[in-house]
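Here are my notes on the model, put down point by point. Have the coordinates open while you read.

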Amino acid sequence: MPATKTTIEYNDKIVRQFIYATLIWGAVGMLAGVLIASQLNFWQLNFQTSWLSFGRLRPLHTNAVIFAFVGNMMFAGIYYSTQRLVKARLASDFLSNLHFWGWQAIIVAAAVTLPLGLTRGKEYAELIWPINVAVALIWVVFAVNFFWTLARRNEPSLYVAIWFYIATIITVAMLYIVNHLSIPTSLLHSYPIFSGVQDALVQWWYGHNAVAFFLTTPILGIMYYFVPKAAERPVYSYRLSIVHFWSLVFIYIWAGPHHLLNTALPGWLQTLGMTFSLMLWAPSWGGMLNGLLTLRGAWHKLRTDPVLKFFAAGVTFYGMATFEGPLLSIKSVNALAHYTDWIIGHVHAGALGWNGFMAAGMVYWLLPRLWNKPLYSTSLANVHFWLGTVGILLYVAAMWTSGITQGVMLGATTENGTVLAYPSFLDTLNAIKPMMLMRVIGGGLYLVGWFLLAYNFYRTVKGASTVNGTVEVYRDEPTPADSRLGFFGTFFNAPTLFCVVGIGFACLWMLGNGLLSMVGIVGSLACFVAGYALVHTRAKAWGDWHEKLLLNALPFTILTFIAVVVGGLIQIVPTVVAQKAQNVEDRLQVTYSPLELAGRDIYVREGCYTCHSQMIRTLVPDVLRYGDYSRLGESIYDHPYQWGSKRTGPDLARVGGKYPNVWHLRHMEDPRAISPGSIMPAYPWLSTQNTDIASLPSKLKVQRMLGVPYPAQSAQEIFDQAQAQAKTIAQDLRAAGAYVAPEKEIIALIAYLQHLGKFEEVAPKQTAAR
């Protein structure tokens, strides 16, 4: 039967909608970033207003850049390229529109709730539980639309960009759902099911891999499609792209613990995270080189083509960021850089350089093709490029300088390492203020460049007529049966079995002791040698298997899911099972009183974790400055954990009892009256707003469900206990000359701060006689 010829019109309307959203939310996210950077230089810009304070706006900035700006750019690129790579229109216009409007509604909900202080208190995962449910549902809509489109494809084989899109969809779903598992206490509040070290591990398993699978893998897919298109050159190496994909999706998922080095996280997890982070150098740079070498023979175009300028610089920044990431995961380097501005510079090199420049290049390339009109001004696009480049370099250089300066000063000791050289945290803060101002200038230049893109976009589409792409396809006979992979063909073959056996031996090597570790080393080496030999002798057979795998979307997706889920299971399951209160040795956290729990929720609401850590690392300078290093059991009941990731202020793990109640009151009212030179905002509303005592019974009930050993109490008993403690603190303040009503939020917050560092000694477990 002869093939029939059909003309397919792509759904490019949805692509245009996501591009509009990219431009708008990109500007919003960057504006918020410039504002909060300015607040660190000029505390007056907090305006003594709760919803404009740094602690509430910083999560708005990060969520706007990640999920609103990069998210919309990602969806535009995926929807445009996928239709052309599979030669099929998106499966459902309804699902496409539901995806777009649902995602924008989620962004608006986040933009409203975060400044109001409605947050879960976990970095990059602050959104409250009803919004998280909506995110999961809309992500399912996206996944259904995507995989349904693959099922209707007219191009049998899956191109490399599609591989990265598949990995993104399944991995982000897994990460988001697990890290956002919570039990609601009300319509707008919940507690995560994980606590303490469990919560820290799950959070950075999610947080690190949100960067990997939301900000990296989909953009790599976009790189593999748009860079060859813009350069009019094929991808440099197809074989390198295969190695790049499978090694990246497998290794990346293990690297999360490097965010928790030198903390109370078990040592084996720290070693595992550092090891796999160092291994990331190879696949990351393999992908970067594949992108840059695709431009071979087209380098001369960079002089005149702004699209290629943005793509080349974006891929270069990807290489820089992925070199710096493994470097920062080395324990000794991490001891210097963690909690400082160096980490902020690293993150922004990726977000502004990699994501931002790839977004700009993609938009400039799509504009003439989606609106059937030449770009309004190539000169403006070139100005945008140089403004953005200078802005990024100023920003990153300032943060490198600031971070290294702060790390060195905080770690400096005298008297043979027994006395701090800079005992006051404010000494370091004053030293880095010029660099913090340079950050504002760099970010401002980048923002101006983005406004130039928006103006260029407006002038280009003004009066233009939209156009949808079309393609003529020949509908052939169904794919022959011998090209399909069944269960046996997918999983019981040499490449898959070698990977499974090799991973098993590697796990024995890293996690085992004595004989098991030796078996793991020998087995890993044997697998490596045998695999290397077989790659050369069985290269064609293995290549044929992989090509056949690309004709079968479902087996490919299953193997991808297995590759990303293994690392999470090996890290998280033992931690969740073993790290419980009954297994803790040395020290165990004292549970919060009802009033202290209310104060902790206020602490989380105000975003204090964005500037203060509650984790004293196992480093001499940390111990000299803040007290004895933190133990795993001292945060075992914290839902959510509050170890923090940045110290714009000192660590608070042992601040309880260090200062009198009136000190905390005056510090929150006017930080500079207590600490001259402080950049902390004032919190006057805490002295006027009443503590939400009414919600405590439901909160304590959920805490008991989560395993926190609170006694069963009636609501009235809870109220009485909270009010009694509040009156005691208010009376103490009155004796010091300060008059605050017991029901005010500042009283609850003081109660919480005075609790920090309380623990009870746990007798070491006796080893059974042999």
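**Notes on the helix packing and a few odd residues**

1. Ground rules first. This is a predicted model, in which local features need pLDDT of at least 70 and side-chain atom pairs count only at pLDDT 80 or more, while totals for chains, interfaces and linings use all residues. Residues are numbered from 1 along each chain as its sequence is written, and side-chain values use heavy atoms, with hydrogens and water left out. Helices are DSSP runs (H or I, at least four residues), numbered from the N terminus.

2. Start with H4 (129-151). The 23 residues of H4 should span 33 Å at 1.5 Å a residue, and the end C-alpha atoms are 33 Å apart, which agrees; the expected span is 1.5 Å times one less than the number of residues. Buried residues of H4 include Ile131, Asn132, Val135, Trp139, Phe142, Phe146 and Leu150, where buried is under 20% relative accessible area, exposed over 50% and partly exposed in between (1.4 Å probe, protein chains only).

3. What does H4 pack on? The axes of H4 and H5 come within 11 Å and cross at roughly 155°, with axes being lines fitted to C-alpha atoms, for helices over the stretch in contact, and angles running from 0 to 180 degrees between N-to-C directions. That makes H4 roughly antiparallel to H5; the bins are under 35 degrees for roughly parallel, over 145 for roughly antiparallel, 65 to 115 for roughly perpendicular, and oblique for the rest. From H4, the contact draws on Asn132, Val135, Trp139, Phe142, Ala143, Phe146, Phe147 and Leu150, and the H5 side includes Ile162, Tyr165, Ile169 and Tyr176. Contact here means heavy atoms within 4.5 Å. By class, the residues of this contact divide into 15 nonpolar, two polar and no charged; Ala, Val, Leu, Ile, Met, Phe, Trp, Tyr, Cys and Pro count as nonpolar, Asp, Glu, Lys and Arg as charged, and the others, Gly among them, as polar.

4. H5 (residues 160-179) also meets H7: their axes come within 8 Å and cross at roughly 165°. H5 is therefore roughly antiparallel to H7. Val160, Ala161, Phe164, Tyr165 and Thr168 supply the H5 side, and H7 brings residues including Pro218, Leu220, Ile222 and Tyr225. This contact has nine nonpolar, three polar and no charged residues.

5. H10 (residues 281-293) has 13 residues and reaches 18 Å from first C-alpha to last, close to the 18 Å expected at 1.5 Å a residue. Its buried residues are Pro283, Ser284, Gly286, Gly287, Met288, Asn290, Gly291 and Leu292. They pack against H7 (217-231), H8 (238-252), H9 (267-279) and H11 (306-328).

6. Further along the chain, H23 (residues 661-669) and H26 (residues 715-735) pack at about 85°, with axes 9 Å apart. So H23 is roughly perpendicular to H26. Asn661, Val662 and Leu665 of H23 meet Ile729, Asp732 and Leu733 of H26. That contact has four nonpolar, one polar and one charged residues.

7. Now the backbone oddities. Most residues other than glycine have a negative phi, and most peptide bonds are trans. Tyrosine 124 has a phi near 65°, sits in the loop between H3 (93-113) and H4, and is buried at 11% relative accessible area. Glutamate 232 has a positive phi of about 55° and lies in the loop between H7 and H8, but it counts as exposed at 60%. A cis peptide bond joins histidine 639 and proline 640, with omega about -5°; proline 640 lies in the loop between H22 (620-626) and H23.

8. Which residues does arginine 439 touch, apart from neighbours within four places in sequence? This H15 residue is in contact with Ala37, Leu40, Asp341, Ile344, Tyr395, Ala398 and Met399. Arginine 439 counts as buried, at 6% relative accessibility.

9. Phenylalanine 451 also lies in H15 (residues 425-461), and at 39% relative accessibility counts as partly exposed. Phenylalanine 451 and leucine 23 are 428 residues apart in sequence, yet 8.8 Å apart in space, C-alpha to C-alpha. Leaving aside neighbours within four places, phenylalanine 451 is in contact with Ala27 and Leu31.

Conventions:
Helices (H or I, at least four residues) and strands (E, at least two) are DSSP runs, numbered from the N terminus.
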